[in-house]
Structures are given as structure tokens and as C-alpha cells.
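User: Hi! Could you walk me through this structure? I'd like to start with how the chains meet.
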Amino acid sequence: MIKYRKDEIEELNRTGFRDTFGKGILEIGEVDPDVIVLAADLSDATRVTKFSESFTDRYVQLGIAEQNMLSVASGLSLSGKTCFCGSFATFLTLRGCEQIRNDICYQNCNVKIVGIDSGLANGFLGVTHYGLEDIAIARSIPNLLVLSPSDCLSLAKLLWEIARYKGPVYLRLSGGKSIPVIYKEDREFKIGESVVLEEGKDISIFATGLMVSEALKAASILKKDRIYSKVIDVHTIKPIDTKAIIVAAKETELIVAVEEHNLTGGLGSAIAEVIADHGLSSRLLRIGLPDKFIHKYNSHKALLEKYGLVSKNIVKKIIEGLRKCY
Amino acid sequence: MNDKKKIKEIEEIARVIRKNLVCLALKAGSQKRGAHIGPGLSIVDITTTLYMNFLNYDIKNPTWPDRDRFILSKGHGILGLYPVLAEVGLLPFDLLKGFYNEESILAGHPVLNPEIGIEASTGSLGHGLSIAVGIALSAKIDKKDFHTYVLVGDGECNEGTIWEGIMSARKYRLDNLTAIVDLNGLQADGFTEDIMDMDSMSAKWGSFKWNVINTDGHDINSLLSAFDKKNRVKDIPTVIIASTTKGKGISFCENNKVYHHSRDFDREKAVCALNELGFKEGDIR
């Protein structure tokens, strides 16, 4: 396991999720000769060109054909390979949905599906390139783990866990550079175990991906109003950390879920399922994107602002939510 | 020139396979459960010839890593595979007897289980060829000599992913991959030329620079020649375009789309079918 110094962690986050993935997969490829990387004409975007140059016989470029890429990966995996397939989150989970379900998950193949630029990261490219349903789709397929790291250290570390895990994984990545640092120092992460970043007695904010950073900012604003928040990084959405949700339901009066995803079927839904299944009486506030197509094309940052996925709006919704609690 | 004795032997086994296929169809029909009868009958001579003469496997060690692979991409042809696997000793006959019983592990489409010779889960069309490409590619990467066979339907070739698979096999020079197209001319809704006319299947695969071999998919002598290793070309995948008849061997099933998937294959029909195949009612197992 590679350890990162503080300056290396900062550098990872400066370069973003794509570069961190590209660097990580290269390191994993060096130690695991069974790792194969597959591309569907997005090798630059997924940053696997260095891997392709270093391991020419373990790199498979299939052109603009995501479905074929996913099925070919399942075939490779049936012969013992560990496959990583990268493309835009939406292309993989929507176009390749049946291949993920039947060929990869039903056959329990050791294939890792790496969806870059999820959420609204492809801001200017429009709805066809937004990845807002991927968690819902991936979560509903048996055998498939769903991971969504909040920053580049957690990605770098979890990538090794994913490579070691025998079975299908969907890895949801955001786009862009200069990712807000959540973890300043090296640490380990375990698949399925969320991380409590801040303790608080009043509310529990569960967030995933880039929303973890906004949740932390929201918590510090709320603190000024003497509302104390527990902030939890849900880097693994499936299996969901049931224990953490049960604890939050018992200890705090409001659970908040924040995600850059359609409100239907995402993190908030996963938490609602735990609340329902365990007979918990906790109130749940879900913050995410509305169940409609977003006809706005702007920078990622501007879209997040417009759709309320920034700390200021999260705070507003939480205060409204708390009022409804009484 | 192929050995006449061998041809006779495979023909006879194919006749027995068809008899066992009828028994499976009856097990389904007697419970008012549907089974794909025509698609199974269509491929029997192909699967029998492959398993009797070409595929390299070890029934004592079915998951032997160096075994040849056979993927039934047109998963609805499964009635043309289970009896073959049983005949060669990969699948216990008892499992055939329990087909479609509540606890049976044999579904109406293949479910991955190399222990009994099922190399991939298929059913939704257009997947198996790409899976086979992955398996053949892994053999190339690992410098292994095993061969991968994949059987697709002509109707299945309506699926765009088939052509994605075709392109990738050629790109990666998979001469260790042989595809077989079951060219029976009939799909669920009717004749292929009416549903989606694909014109010349040979010309289409040939235009993607595959090594194309045309054969009669029911003539064992022709099949033995078509699958002969000497027809393979270095660095190029091979496709065998096998002209077949859907429902082959049972007159009332032949070219009859009703038997693409039928729920009413009752005892009377089964006896009639067995008689045509040269068997009697007492042969029902």
C-alpha cells in the first residue's frame, strides 16, 4: 500500500479524480500482472494512456462501443483477469446497463466500471453527458458495489481496495481539477465503512462525492447558529453503512443526505430504505437534483450553485428541515 | 474426405440428441411451461459435431483452464445444448430428467456453470460474441492454445453489439475464435428477410474481413469439413455460416414460427415427433 505525504495529497487533489485514477491504475498494473485496462475511445479522458504505453499487452482499446467493452471485460474476467473499464459515468451505466447486469454482475465477474465526470461535471456538454442516474441504476443491480470517493486521497486508497476485491464494482468519479481536500493526511479506507469527519449532536449529514466538502462547509456555518452537525463521508453507497445510519437516527434529530444525483434512487433513497427497513423514526431531509432534465449548460460550479448543491443552500434547507421537526 | 463411419456415428448421436430434446420439450409442455423448440432443433447437428469431434475438454476436470470454450450466444437454443452436454458426460443425465422442476438448476437459457459445461450466461441477444472475444483475447494474452467457439443466431445479428464484437475480434486478430451463424431464416416474429432483411450474411461478415466458411448446418460431412482446423487463417477469426432449418428433424416444427417458443408441446406431439425420428413412445425418459 502506497503512503502519501501531505504535499503529495495536495498534488493529487490539484490534478483531480481523472489523473488520480490514471496514476493509481498504473501503480496497480505494476504489481498485478492480471490487471487489464479497457477503453472505449476515452483513454485520454480516463488517463490510461500511460498504462497503455507501459503494458501494451494488457490494454484493450475497443473504440466507441461501451457495450462491447463491458462484455469483452466479462469474458476476460471469466479467464481470471481483473478488468478496469473506463468511460463517462452516463455512457457506462445507461448504454451499458444490460452488459453490466447480465455479463458482469450476473456472472459475478471481476470487472471494475469506472465512471468519470459523473453528476453535472460535464456542465457545458449538456444533458447527454450528465451522469445523474448512475447511482440508482448501479445500486439496483445485485453483486455490484457502488463507490463514490469524496477526494483524491480517498480515491487513490480505495482504488487498491477495489483492485483487491474479487467482484464487480462501480466507481463513481467526479470531474475537474483542484478538488477540495477532505483528508489532509494519509489514512486507510475500508469498502463499506463510512467515515465520520466531524462529530455533532443535533443533525447528521451524510454526503457523497464532492458534496462531502459542501457538507463540511455547511456544518461550519451551522455551528455559528449553534447547530452542531455530524458529517459522514459515504464513500461506499452499496453496501450502505447501515450501522452509521442507525447510530445517526438514534443520536440526532435530523438526518440529511446530500448528493449530486437525481433524488430518485441515490444516496438519500438508500438511507430512506435503511430507516424504513429498521423501523427507525428519524426524519430524513434529502438534498439532490430534481427529477427533471436540466436544460442549463454552464460550468460545473455554476450548475451546482444554480441547483442548490452548495453549502449556503444546504444550510438553508437544513434550517427549514429543522423547523419542520418541531 | 471424412471418415464415413465417423459421419454415421455423429448422425446417430444427433438423432438421439433430438430424441432427448423432444423429451425436454415434453417436460416443459406437460407443465404448460414454454420452451424454445425450433431454435434448439436448428443447432443440434452443429453442437453434436463440435462436442463429438472438435472441442477439447476433460469430463473428469470440466474447469480445466486449457479446455476449449463453447458459448451459446443464442441462449434460447439451449434445448440443442443440454442433451449434448449430457451425452458427452459433462452434464449428469439426472439433471435433464429434472428439467423445469422447481429445484432444477437448468434454466430456459444458459446459466454460467463450467462444472456442467456452460461457459456463459446468455439469453438477452447480442452478448455472447463479445464475451467470447474477451475469453479468446485472454488466451492470446496468456499465450494459451485453447480455442473459443461461439454460436449466434441470424436473427441475433439484428443486434448492433454483434457487429461491435465482430470488429473487435478482427482488430485483435483472434484466430483462436470461431463464430457460427445459425442461418435458419426464421426469428420470433417471422422470416428474417421480412423482419430485418440482412441480405448476404457471408458478405456482411466477410466485409469485416473475417475468414468466412459457408456450410450446410445439418450435413455432418459438411460440418466436419467446415470446422477442420486447416481452414483457419493466421491472425483472422473464422465464421462458419451454417445454413439450417428451424425445427429441423420434426416436420411440424420445421419453418414453423409457432415452435420458436411453445407451451403446448404435449405427449401426442412428442410421440409424433419421436416416431419421425425413429423412436417410440416407450423411449420417452
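User: How many residues does each of chain A and chain B put into the contact?
Analyst: Happy to help! Keep in mind that this is a predicted model. Chain A contributes 23 residues to the contact and chain B contributes 19 residues.

User: Which elements of chain B give two or more residues to the side that touches chain A?
Analyst: Those are α5 (128–141) and α6 (160–171) of chain B. Of the elements there, α5(B) gives the most, with 9 residues.

User: And what is that side of chain B made of, nonpolar, polar or charged residues?
Analyst: A mix: 9 are nonpolar, 9 are polar and 1 is charged.

User: Switching to chain A, what domains does the assignment give?
Analyst: Domain 1 covers 7–172 and domain 2 covers 195–325. Their centres, taken over C-alpha atoms, are 26 Å apart.

User: How many residues are in contact between these two domains of chain A?
Analyst: On the domain 1 side there are 23 residues, and they meet 26 residues of domain 2. The elements of domain 1 giving two or more residues to that side are α7 (134–139), β5 (145–147) and α8 (152–164) of chain A. By class, the domain 1 side has 14 nonpolar, 6 polar and 3 charged residues.

User: Cool. What about the largest nonpolar core, and which residues have the most contacts inside it?
Analyst: That core has 187 residues, and the ones with the most contacts inside it are A:L38, A:I205, A:A215, A:V256 and B:A25. Helix α1 (residues 4–30) of chain B supplies the largest share, 11 residues.

User: Where does this core lie relative to the domains of chain A?
Analyst: Between them, because domain 1 (7–172) and domain 2 (195–325) both give residues to this core.

User: Last one: what does A:V256 touch?
Analyst: Leaving out residues up to four places away in sequence, A:V256 touches A:I203, A:S204, A:I205, A:F206, A:L285, A:I287 and A:I318.

Definitions and conventions
Residues are numbered from 1 along each chain as its sequence is written. Chains are lettered from A and ligands numbered from 1 in the order in which they are written. This is a predicted model: local features need pLDDT of at least 70, side-chain atom pairs count only at pLDDT 80 or more; totals for chains, interfaces and linings use all residues. Two residues are in contact if their C-beta atoms, placed from the backbone, lie within 7 Å. Helices (H or I, at least four residues) and strands (E, at least two) are DSSP runs, numbered from the N terminus. Ala, Val, Leu, Ile, Met, Phe, Trp, Tyr, Cys and Pro count as nonpolar, Asp, Glu, Lys and Arg as charged, and the others, Gly among them, as polar. Domain bounds come from an automatic or database domain assignment. A nonpolar core is a set of buried Ala, Val, Leu, Ile, Met, Phe, Trp, Tyr and Cys residues joined through C-beta atoms within 7 Å. A residue is buried if 20 or more other C-beta atoms lie within 10 Å of its own, exposed if 12 or fewer, and partly exposed in between; C-beta atoms are placed from the backbone.
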